[in-house]
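Student: Hi, could we go through this protein together?
Tutor: Happy to, here it is.

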Amino acid sequence: MSAAARAHAATARRLERAMGSLGSAATARMDSTLPWFRQMSADQRAWVGLVAQAGIAAFVTWFRTPDAPHAITADVFGTAPRELVRAVSLQQTVEMVRATITVVEERVDELAAPGDEAHLREALLRYSREIAFAAAEVYARAAEARGAWDARLEALVIDALLRDEVDDDVASRAAALGWGSVGRVLVLAGGAPTGDPEASLDILRRAADHHGLDLLTGIHGSVLVAVVGGARDPVRAARHLVPHFGPGPVVLGPLAQDLAAAAPSARQAMAGLAAAPGWPDAPRPVAADDLLPERALAGDAEAISRLVDSVHEPLVAEPALLETAATYLERASSLEACARLLFVHPNTVRYRLRRIAEITGYPPTEPRGALTLRLGLVLGRLAAAQGGDHEATDP
């Protein structure tokens with residue numbers, strides 16, 4: 001055996017004898033230099049200490065045969081539970097490794113056999129590189145597994161919203177995704193973008209994060225669904241995300257107090273998307289409420305009921321307004337013509353049209369308002385004729 005080999009073997013024996021003291025010194029160094037380590041629970045500190053000791057033990061084994069294959073990831077990080085990866089960040093792991101390596105470096109002259117000091121220092125440098133790669137691998141795998149699990153939870157939550165089956169299990173899944181206390185929730189539905197779906201969703205998530213919005217998203221068939229939380233201004237929040245949808249309309253559901261109450265927003269957004277082709281000039285995004293006429297014509301029972309309640313019912317209570325609305329929308333081509341048919345002054349018609357707009361929210365003098373009012377009157381008549389709640393009929 002050469003002199004260098006004998007010195008190398010002697011250094012390895014010294015390292016073996018010093019493993020216990022080195023582990024204790026590494027733990028003491030972390031306690032004195034790393035504030036996050038001092039703030040951890042006793043169990044977590046113990047696990048971190050075991051990782052440090054395992055790292056030193058793995059170094060001794062590696063030092064003996066540096067060219068032999070060693071599973072550093074399993075040898076060092078396999079001693080800790082998976083939960084530790086969540087409690088200790090990658091940066092903190094790097095700080096832990098640095099503290100442990102520093103403890104060994106400071107004792108090189110004591111640990112190395114005479115003449116083997118340079119070899120031990122070089123080995124420490126090489127091993128620190130290997131342990132850094134191993135740590136990065138552990139965290140990359142954990143992030144990949146967590147990402148896949150989160151994506152599955154996200155898909156389950158959105159599916160439950162679309163099926164209006166939000167229960168305690170769904171709430172628990174949402175809480176696991178950080179949605180335990182997210183408020184001011186709305187749902188966007190539009191065409192899915194072309195290309196890689198995962199890349200498209202990642203872009204949408206980054207856009208939401210950039211604007212301080214919480215987001216759950218997924219692609220269902222050809223539809224991209226985005227559940228947006230923390231939207232102080234719903235329309236503005238929607239406009240931030242709309243550019244990342246595919247071509248075609250994007251429909252904005254009404255604002256909900258929280259995720260548990262967001263199923264109606266999802267339902268209306270999807271109903272609006274199905275009916276949106278009926279309004280080619282609709283803005284992007286368009287509110288589901290603004291698509292009530294198209295939704296009603298498409299057979300949406302909720303839209304039909306809301307039109308009857310918001311148009312026909314309040315006008316039935318005001319016979320003069322009901323007569324004016326029916327005449328202006330269905331028989332007259334102008335305000336003056338309506339006045340002649342009703343035998344009143346044009347100013348009277350003008351006043352009644354303003355009242356109709358105030359009561360229903362739909363101006364009869366504007367195209368969309370006129371469409372909505374006329375459809376609401378027709379649906380109200382049909383409901384009354386079929387024995388609905390609205391017993392009165394207009395002239």
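Tutor: We can start with the whole chain and then turn to a helix pair and a loop residue. This is a predicted model, where local features need pLDDT of at least 70, side-chain atom pairs count only at pLDDT 80 or more, and totals for chains, interfaces and linings use all residues. Residues are numbered from 1 along each chain as its sequence is written, and side-chain values use heavy atoms, with hydrogens and water left out.

Student: How many helices and strands does the protein have?
Tutor: There are 18 helices and 6 strands, taken as DSSP runs numbered from the N terminus (helices: H or I, at least four residues; strands: E, at least two).

Student: And what share of the residues is buried?
Tutor: Of 395 residues, 43% are buried, meaning under 20% relative accessible area with a 1.4 Å probe, protein chains only (exposed is over 50%, partly exposed in between).

Student: How do α14 and α17 cross?
Tutor: The axes of α14 (residues 301-316) and α17 (residues 346-360) come within 9 Å and cross at roughly 125°; axes are lines fitted to C-alpha atoms, for helices over the stretch in contact, with angles from 0 to 180 degrees between N-to-C directions.

Student: Which residues meet there?
Tutor: From α14, S310, V311, P314 and L315 meet I356, I359 and T360 of α17, with contact meaning heavy atoms within 4.5 Å.

Student: New topic: where is A261?
Tutor: A261 lies in the loop between β5 (256-258) and α12 (263-275).

Student: Is A261 buried or exposed?
Tutor: A261 is partly exposed, at 37% relative accessible area. A261 and V185 are 76 residues apart in sequence and 8.4 Å apart in space, C-alpha to C-alpha.
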